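Reader: I have a chain open and would like to talk it through with you. Could you start with a single residue and then work outwards?

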Amino acid sequence: MFERYSRQTVITEIGIEGQKKLGNSCAALIGCGALGTVIASALVRAGVGKVKIVDRDFIEFHNLQRQILFDENDVRQNLPKAIAAERHLMAVNSDIIVQGIVSDVNYTNIENLVKDANVILDGTDNLETRFLINDVSLKLKIPWVYGGAIDTVGMTMTIIPYETPCFRCIIPGEVYGAKGLTCETAGVISSAPWITASLQTAEALKILVGSEKINRDLIDFDVWGNRFKRLKLSGRNSDCPACGQGRLDFLDGRFTTRTTQLCGQNSVQVLAPGRQEISFENLAERLRSAGKVEYNEFMFRFLADSREMIIFRDGRAIVKDTDDEVYAKAFYTKYVGT
Ligand SMILES: [Zn+2]
């Protein structure tokens, strides 16, 4: 069974023992876009025993430029990213468990999603979710690997709870709502997330085999500007609200929004925490007279008032072609209800 992994067990720091550790490990990946597809693919191929892939989106044509696990067929089938990733990766390695979970990660569910993980990987595109991952990592003492990429630049850092600086030691949480760059306005060239994701994967493997060589710096690069930098981090910040003072604001739901603009999509997501699972059959009955209805096992598409909305079974929805969060919430409330 180790023939499959012979090229990596030859590496002294991994060896047969390390490979066994990988096989007994679980990695939770939050977000399966440009970063996540590379990370998921690498972890599955490396033989990590269980890889959980959590993502809220479905696949669109403009994803194919950089999200390596997906193809045109997935777009035509309206597949959620987590499901398509699971299907493709189960065909790559049947020795391990690949679990695709279609869900928005938020303060009500993150603990449950990552509690069995030995490492958490950041494949998200927003600061709010990263602060949430940071909080849960501190609470459950699970290391995580931050990664971010946009335009031609990428950045990564590894967080070992209460040992290295946490994400909030570096970035104050209060700024999370500030509108930053998005993939839509700044664009993204595939090399930037791919390099970032490869570095994140190496960190995850080091953590899982118990290597001493974990990266303790902030790595920052620009593939177009030919810049590769390591920024030395000056230890943990004793004033850090999270790892210093034990305030897990994001996990406690103190900073939670019910609507979010989706990076690069000109769409708004509406969240309905605590909502019971929606029956698409019943919803179709209800909405057929109000507009155009179309659904499959995973998603429900509704068109009305020249507006498109995608609804998922957990009650979450994406209102397309708008960045107006108030309008999106009103549109959702009008047709799906609260
Ligand atoms: Zn901290």
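**From single residues to the whole chain**

Author: A149 has its place in strand β5, and I should say at once that this is a predicted model.

Reader: Is A149 buried, exposed or partly exposed?

Author: A149 counts as partly exposed, because its relative accessibility is 22%, and the cut-off for buried is under 20%.

Reader: And which residues does A149 contact, leaving aside its neighbours within four places in sequence?

Author: With those neighbours set aside, A149 is in contact with G154, V188, A192, P193 and T196. For A192, the separation along the sequence is 43 residues, while the C-alpha atoms of A149 and A192 are 5.8 Å apart in space.

Reader: Moving on to T201, where does that lie?

Author: T201 lies in helix α10, which covers residues 191-209, and it is buried, with a relative accessible area of 5%.

Reader: What does T201 touch beyond four places in sequence?

Author: T201 touches I39, A42 and L43 once residues up to four places away are left out. As for distance, T201 and S41 are 160 residues apart in sequence, and their C-alpha atoms lie 9.7 Å apart.

Reader: Let's change to helix α5. How many of its residues are buried?

Author: Helix α5, residues 81-90, is mostly covered, with 7 of its 10 residues buried. The buried ones are K81, A82, I83, A84, A85, E86 and L89.

Reader: What do the buried residues of α5 pack against?

Author: They pack against two helices, α3 (34-46) and α4 (72-76), and two strands, β2 (50-55) and β3 (97-102).

Reader: Take I83 from that helix; what is in contact with it?

Author: I83, whose place is in helix α5, is in contact with G100, V102 and F298 when its neighbours within four places are left aside. I83 counts as buried because its relative accessibility is 12%. By way of a distance, the C-alpha atoms of I83 and V136 are separated by 24 Å, with their positions 53 residues apart along the chain.

Reader: Where is Y335 found, and is it buried or exposed?

Author: Y335 is found in helix α12, residues 325-335, and it counts as buried, given a relative accessibility of 9%. Not counting residues up to four places away in sequence, Y335 touches R286, L287, A290, F302, A304, D305 and M309. Y335 and I101, on the other hand, are 26 Å apart from C-alpha to C-alpha, and 234 residues apart in sequence.

Reader: Backbone next: which residues other than glycine have a positive phi?

Author: I can point to K141, with a positive phi of about 55°, and to S306, where phi is near 55°. K141 is found in the loop between α7 (127-140) and β5 (144-150), whereas S306 is found in the loop between β12 (299-304) and β13 (307-312).

Reader: Are those two buried or exposed?

Author: K141 counts as exposed, at 60% relative accessibility, and S306 is exposed as well, with a relative accessible area of 79%.

Reader: How many disulfides are there?

Author: The structure holds 0 disulfides. Among the cysteines, C169 counts as buried at 13% relative accessibility, and C243 counts as buried at 7%.

Reader: Zooming out, how many helices and strands does the chain have?

Author: The secondary structure of the chain comes to 12 helices and 14 strands.

Reader: What does the radius of gyration say about the fold?

Author: A compact globule of 338 residues would have a radius of gyration near 20 Å, and the chain has 20 Å, so the value agrees with that expectation. Along its principal axes, the C-alpha trace spans about 65 × 50 × 40 Å.

Reader: How much of the chain counts as buried, and how much area does it expose?

Author: Of the 338 residues, 56% count as buried, and the chain exposes about 15200 Å², of which carbon and sulfur atoms supply 50%. On the contact side, taking contacts with a separation of 6 or more, residues 24 or more positions apart account for 65% of them.

Reader: Last one: how many positive and negative side chains are there, and how far apart are the centres of the two sets?

Author: The chain has 40 positive and 42 negative side chains, and the centres of the two sets lie 2 Å apart.

Conventions:
Residues are numbered from 1 along each chain as its sequence is written. This is a predicted model: local features need pLDDT of at least 70, side-chain atom pairs count only at pLDDT 80 or more; totals for chains, interfaces and linings use all residues. Side-chain values use heavy atoms; hydrogens and water are left out. Helices (H or I, at least four residues) and strands (E, at least two) are DSSP runs, numbered from the N terminus. The radius of gyration is taken over C-alpha atoms; the globule rule is 2.2 Å times the number of residues to the power 0.38. Buried means under 20% relative accessible area, exposed over 50%, partly exposed in between (1.4 Å probe, protein chains only). Contact means heavy atoms within 4.5 Å. Accessible areas come from the Shrake-Rupley method with a 1.4 Å probe; for residues, only the protein chains shown count as cover. Lys and Arg count as positive and Asp and Glu as negative; His and the chain ends are not counted. The place of a charge is taken as NZ of Lys, CZ of Arg, CG of Asp or CD of Glu. A disulfide is a pair of cysteine sulfur atoms within 2.5 Å.
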